[in-house]
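Dear colleague,

I am handing over the structure we spoke about, with the sequence alongside, and below it you will find my notes on what turned up. Please read them with the coordinates open.

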Amino acid sequence: MAEQTKERLLWVLRVLRDTDREHLMNTAAIMEQLRIKGIDAERKAVQRDIAALKEAGYPILHEKGASGGYRMEPLLEDWEIKVLSDAVLSAGFLTEADREGLNKKLYGFGSRGGRHLLRGVRPVPSNVRVQSSTIRENIEALLAAIRGRRMILFDYEYIGPDKCKHPKFPEGVRPVSPYTLIWRQDRYYLIGNYGVKDMLSYYRVDRMRNIREIGAAAVPMKDYLGDNEEEKLAQFIAQNLDNRNGEQVWITLTADADRMDTLLDAFGPDIHTHQTPTGQIECTVRVNDGIGLYDWLLKNGDKIRVTAPQSVRDKLAERIGRIINNYNQKEGELK
């Protein structure tokens, strides 16, 4: 009898998971769905099951009236599933099977109407085709090591000119204390330390192989970085993974009138701007004088230019000169 009660309770839960605002189910409809599954249940038994599920924390609502009934609030709203689904489908480091499997699970958290809607508005997935599911296994292994605070060893690879994988450190990687995983520019990175004080290191997770714990306890990040380790971690990520390295400087930019969105996306909504007599936009912002700045300036060079300081203008001009020189070289001379 107890087993039958548990089975009925689980089926009541499954039936309610398929309801939403447009698809309510009264007690009779739930009983009919149970009969289809081969379970005979009385009205009072079903109502007791619903009360038990509500007491356990399931968001079950009862709407009264002739067309009323029970429905369960979805664990995730449609917009939440949409955002997560798009992120999964755009993750080029996942195999197609992994992407489809994750999305199937995500849709299970939504309502019946939501699942139908979301399947019709799926974006085109990443055109990068990954054949191996190593990234999934690596993330599992790294999360276990981080949770257990254990040091790890692993092999690390890079792709050579021959498009083949080669060991990055033939002599072997030193033991690493793993701290966190970061997703940047469609890649996952492990942030850790290999024993050098005041230093962190990062590794692309898709290039790691044969990850194994060595039994020794990981050295706490604070022991390497001292106080304010979270702030120093954020600085390391900004400088090494977000290309926001270099000393901070004030620069003045002049942009075409249609570039306001570009400026706000890059520097935030609080920057001060004004229009010049020619109708252009001018602003002065504080930035890191590093490679990320010059990459951004080159990308927007036809619409935005630096007017000050001269040191930034000179560095940008030097980089443009090197690019022009590359294209002026004859075939075979490019280095």
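Three strands of this predicted model form an open sheet in the order S4-S3-S8, with antiparallel pairing. Its edges are strand S4 (165-167) and S8, each of which pairs on one side only, and from one strand to the next the twist averages 35°. S3 and S8 run antiparallel and are joined by five bridges; within that pairing, leucine 153 has arginine 212 in S8 as its bridge partner. H7 packs on this sheet, where it touches both S3 and S8, and its direction makes about 10° with that of S8.

The largest nonpolar core involves these elements as well. This core has 23 residues, and those with the most contacts inside it are Leu142, Ile152, Phe154, Leu190, Tyr203, Val205 and Met208. At least two residues each are supplied by helix H4 (78-89), helix H5 (96-107), helix H7 (134-148), strand S3 (150-159) and strand S8 (208-217), and the largest share, four residues, comes from H7. If you wish to look at a single member, I would suggest tyrosine 203, which, leaving aside residues up to four places away in sequence, touches Phe154, Tyr156, Val176, Tyr188, Tyr189, Leu190, Tyr194 and Met208.

A further open sheet of three strands has the order S5-S6-S7, and its pairing is antiparallel. Strand S5 (177-184) and strand S7 (201-204) are the edge strands, each pairing on one side only, while the twist averages 30° from one strand to the next. Between S5 and strand S6 (residues 187-193) the antiparallel pairing extends over seven bridges, and tryptophan 183 stands opposite tyrosine 188 in S6.

Earlier in the chain there is a hairpin to inspect. Strand S1 (residues 60-63) and strand S2 (residues 69-72) run antiparallel and are joined by four bridges, with glutamate 63 having glycine 69 in S2 as its bridge partner. Five residues lie between the two strands of this hairpin, and in the turn glycine 65 has a positive phi of about 115°.

Two helix arrangements complete my notes. The axes of helix H2 (residues 27-36) and helix H3 (residues 43-55) come within 10 Å and cross at roughly 100°, and because angles of 65 to 115 degrees count as roughly perpendicular, H2 is roughly perpendicular to H3. Where the two helices meet, Thr27, Ala28, Ile30, Met31 and Leu34 in H2 are in contact with Arg43, Val46, Gln47 and Ile50 in H3.

The other arrangement concerns helix H11 (residues 291-299), in which Leu293, Tyr294, Trp296 and Leu297 are buried. These residues cover an arc of only 160° around the axis, and they therefore lie on the same side of H11. In an α-helix there are 3.6 residues a turn, so residues three or four places apart point the same way. What covers the buried residues of H11 includes strand S9 (248-255), helix H10 (260-267), strand S11 (281-288), strand S12 (304-308) and helix H12 (310-328).

With best regards

Technical notes:
Residues numbered from 1 in each chain as written. Predicted model: local features only at pLDDT ≥ 70, side-chain atom pairs only at ≥ 80, totals over all residues. Heavy atoms only, no water. Core = buried A, V, L, I, M, F, W, Y, C linked by side-chain atoms within 4.5 Å. Buried < 20%, exposed > 50% of the residue type's maximum accessible area, 1.4 Å probe, protein only. Contact = heavy atoms within 4.5 Å. Pairing = 2+ DSSP bridges. Axes fitted to C-alpha atoms, helices over the stretch in contact; angles between N-to-C directions. Arc of directions from axis to C-beta. Parallel < 35°, antiparallel > 145°, perpendicular 65-115°, else oblique.
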